[in-house]
Amino acid sequence: MKKFYTGAAVVALSTSAVVAQEVEVLHWWTSGGEAAALNVLREDLAGGGIGWTDMPVAGGGGSDAMTVLRARVTAGDPPTAVQMLGFSIQDWAAEGALANLNDLAAEQNWDEVVPEALQAFSTYEGDWVAAPVNVHSTNWVWANTALMEELGIEQPETWEDFVAAMQTAQDAGYTALAHGGQAWQDATIFDSMVMGVGGPEFYQASMVDLDPEALGGEQMVEAFERMATLRGFVDDNFSGRDWNLASAMVINGEALFQIMGDWAKGEFVNAGLTAGEEFQCFRVPGTEGTVTFNSDQFAMFGVDEDDAESQLAMASAVMSPEFQIAFNVVKGSAPARTDIDPSSFDACGQAAMADLAEAGSNGGLFGSMAHGHANPPSIQNAMYDVITAHFNGEFDAETAAEEMVTAVELAQ
């Protein structure tokens, strides 16, 4: 792979004879597909003489990693870089914990190639503090092609078609919807139910603006009713299952569908399957034309001068077009840069890039509530509690909508 270190990053690499170049990276990319994608960055840095100290923290959709991070920062020993999402970046920046990447960003024209929706999280008060790796979209369905053909199922175009397809699979003795009973996974599905019921206006009003009328209204009740419908198609052993194990159920032909962000594609690719052939990807019916997204970014923490040199080299590598292609082809996501040639990507990757461009131009691009891109963690966690309680049968749909209003009010 061609290396893309310029300016300050080149200076960093040129000092390797004097200073041992190394980055310590905290992340939660521990599944097979994720680890393969991360190895692209590790090898790229190794080619430039940068060592890598791996600090993986599995589980919790990143929440466990954030607990470890807090302890490290409190002890005065932050990692060089941390995989981070959305408002968490802003929170750490507000604490003054993050490094300033402005010089590198200006040199490499990040302002011109990174979508504004991502820059809202990559920058704080006008300063670049993180390097975006990708754009994941969360409103995807992943499907086993052989199982669809066996059951005579065409790609569902409507919510009703989707339910009918799942019923067919369940009647045939298969798990209709592979799912893991974890709060963030429940919320990932919920994002699509909200968007599917009320479209962009309702998603904006409820998930972003937190309008009490939207949070507690009839459309929210319908979104919860759809969640209850989905719960009826999930197997009995879903509680606590990791998302990649749910993906494996689809890969192995045990389950028909999974609703999950496009990091799931990395699992299919890692299993040797080809997009558009052995597996299918399509938007959750009712959400076409919109994209709910999150963006993995490497937040760069304030470290000493020696570590800052290798940190700049890492940020430069992350933002290079070559890396953005190589990483996202493996990871399943779309590049964080808008100037990337899609020809290297498979059918699902090209669809993701086209959908992202369409949504960005028509007002259909929204930060995912489930993944910390719609509101700060306090709001997100309050919603998580209600969504999971409802999914586990503690509330009916009407009560859940009422609880959503209360939970958000208390969290603000």
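In this predicted model, the lining of the second largest pocket is made up of Pro115, Ala334, Pro335, Arg337, Thr338, Ile340, Met353, Leu356, Ala357, Gly360 and Leu365. Two elements each give two or more residues to that lining: strand 14, spanning 334–335, and helix 17, spanning 347–362. Helix 17 contributes the most, with four residues. The volume of this pocket comes to about 190 Å³.

By residue class, the lining of the second largest pocket holds eight nonpolar residues, two polar ones and one charged one. Arg337 belongs to the lining, and because Arg counts as charged and Gly as polar, the charged residue is Arg337, while Gly360 falls among the polar ones.

Helix 17 also takes part in the disulfide of this structure. The model holds one disulfide, and it joins Cys281 to Cys348, with an S to S distance of 2.1 Å. Cys348 lies in helix 17 and Cys281 in strand 11, which covers residues 279–283, so the bond ties together parts that are 67 residues apart in sequence.

The geometry of the bond can be stated as well. The torsion about the S-S bond of Cys281 and Cys348 is about -115°, and the disulfide is therefore left-handed. Are the two cysteines, Cys281 and Cys348, buried or exposed? Both are buried.

Helix 17 thus links the two topics: this helix gives four residues to the lining of the second largest pocket, and it carries Cys348, whose disulfide partner Cys281 sits in strand 11.

Terms used
Residues numbered from 1 in each chain as written. Predicted model: local features only at pLDDT ≥ 70, side-chain atom pairs only at ≥ 80, totals over all residues. Heavy atoms only, no water. 1 Å grid on protein atoms, 1.4 Å probe; cavity = no way out; pocket = protein on both sides within 12 Å on 5 of 7 lines; lining within 4 Å. Points joined across faces, edges and corners; volume = space filled by probe spheres on them. Disulfide = S-S within 2.5 Å. Buried < 20%, exposed > 50% of the residue type's maximum accessible area, 1.4 Å probe, protein only.
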